[in-house]
Amino acid sequence: MRPAIKSGRMTIISLIRPNIEGLPAYEDALRRGWSPNTTRNVSGEQIALLDKLRHAPARFLYETYESPTIRMPDGSEMERLPAHDFWISDGEFCGRLNFRFLRGTEELPPHVSGHIGYSVVPWKRRLGCATQALRLVLPVARSEGLSRVLVTCDDDNVGSQKVILANGGVFAGETPHETRAGHVKLNYWVPTLP
Ligand SMILES: CC(C)(COP(=O)(O)OP(=O)(O)OC[C@H]1O[C@@H](n2cnc3c(N)ncnc32)[C@H](O)[C@@H]1OP(=O)(O)O)[C@@H](O)C(=O)NCCC(=O)NCCS
């Protein structure tokens, strides 16, 4: 047998646009308890929306990725930033990645913690999905004029820290955690230029 690559388990992924054909696998992930959003668990409300829009799946994609506002952890509605949303796929559904930004600046509004968020389904973790997904979105950020992106993670999220560091993340300090007392967010700038 050939020696294992790193952990010995690896999958090759691509970033694909959310699409109607992929919704059954997306729904299956939700029903297995996976949340695409990391600041709060949204699987229940997304299942309810899918049920409501069973005969209008395009509407579900619009509500989820293109509606003018997004709901914050405290229930308030905020304006949706320009964004590129992707599903992570290795032929099967692996998770999602969101890149949001403001045009013409690397600044972000205070309610947005970083340019990029990602969440991998539990049964596809530790296969390199998030590390590759972050790498693959960097040219997208570059094409939007950003030479670096801010990526943040909780101080106890070892997996995400490794993902960011593997993509060249440079530590840029801590900020108070908005929802977890006793924790901080770690901030990293990730260069988009090779
Ligand atoms: C954090 C998360 C995105 C990692 O995704 P992933 O696809 O498993 O990450 P990768 O397979 O690319 O792993 C990258 C590295 O982190 C390590 N790693 C992953 N999860 C880990 C964990 N829970 N504890 C310790 N190390 C972990 C991997 O072994 C790998 O290490 P290596 O480079 O030394 O081999 C995933 O666990 C997840 O979606 N968690 C819930 C949502 C979340 O936290 N999102 C990030 C918000 S900032």
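In the predicted model, strands β7 and β9 run antiparallel and are joined by 7 bridges. Within this pairing, T152 stands opposite N187, a residue of β9. The two strands belong to an open sheet of 3 strands, in which the order is β7-β9-β8 and the pairing is antiparallel. Because β7 and β8 (170-176) each have a single partner strand, both stand at the edges, and one side of each is left without a neighbour in the sheet. From one strand to the next, the twist averages 30°. Helix α5 lies across β7 and β9, and its direction makes an angle of about 160° with that of β7.

The edge strand β8 contains A172, a residue whose contacts, when residues up to four places away in sequence are left aside, are with N187, Y188 and W189. One of these contacts, Y188, is 16 residues from A172 along the chain, and the C-alpha atoms of the two are separated by 5.1 Å. A172 counts as partly exposed because it has 14 C-beta neighbours inside 10 Å, a count that falls between the limit of 12 or fewer for an exposed residue and that of 20 or more for a buried one. N187, which A172 touches, is also the residue of β9 that T152 stands opposite.

A further set of antiparallel pairings involves β4, β5 and β6. Strands β4 and β5 are joined by 7 bridges and run antiparallel, with F99 in β5 serving as the bridge partner of H84. These two strands form a hairpin with 3 residues between them, and in the turn G91 has a positive phi of about 105°. On the pairing of β5 with β6, 5 bridges are found and the strands again run antiparallel; here the bridge partner of G95 is V120 in β6. Strand β5, which thus pairs with β4 and with β6, is mostly covered, 6 of its 8 residues being buried.

The largest nonpolar core of the model comprises 34 residues, and those with the most contacts inside it are I88, L97, I116, A133 and V137. Two or more residues are given to this core by each of α1 (23-31), β4 (83-89), β5 (93-100), β6 (116-120), α4 (129-143), β7 (148-154), α5 (158-166) and β9 (184-191). The largest share, 7 residues, comes from α4. The surroundings of L97 illustrate how these residues meet: leaving out residues up to four places away in sequence, L97 touches L15, F86, I88, I116, Y118, A133 and V137. Among these partners, I88, I116, A133 and V137 are themselves listed with L97 as having the most contacts inside the core.

Elements that contribute to the core also take part in the surroundings of the ligand. Of the 21 residues around the ligand, those that come nearest are R125, A130, T131, G159 and K162. The elements that give two or more residues to this shell are β6, α4 and α5, and the largest share, 6 residues, comes from α5. Classified by residue type, the shell around the ligand consists of 9 nonpolar, 8 polar and 4 charged residues. Helix α5 therefore appears in three settings, since the elements giving two or more residues to the core include α5, the helix lies across β7 and β9, and the shell around the ligand draws its largest share from α5.

Notes: Residues are numbered from 1 along each chain as its sequence is written. This is a predicted model: local features need pLDDT of at least 70, side-chain atom pairs count only at pLDDT 80 or more; totals for chains, interfaces and linings use all residues. A nonpolar core is a set of buried Ala, Val, Leu, Ile, Met, Phe, Trp, Tyr and Cys residues joined through C-beta atoms within 7 Å. Helices (H or I, at least four residues) and strands (E, at least two) are DSSP runs, numbered from the N terminus. Two residues are in contact if their C-beta atoms, placed from the backbone, lie within 7 Å. A residue is near a molecule or strand if its C-beta atom, placed from the backbone, lies within 6 Å of it. Ala, Val, Leu, Ile, Met, Phe, Trp, Tyr, Cys and Pro count as nonpolar, Asp, Glu, Lys and Arg as charged, and the others, Gly among them, as polar. Two strands pair if DSSP finds at least two bridges between them. Axes are lines fitted to C-alpha atoms, for helices over the stretch in contact, and angles run from 0 to 180 degrees between N-to-C directions.
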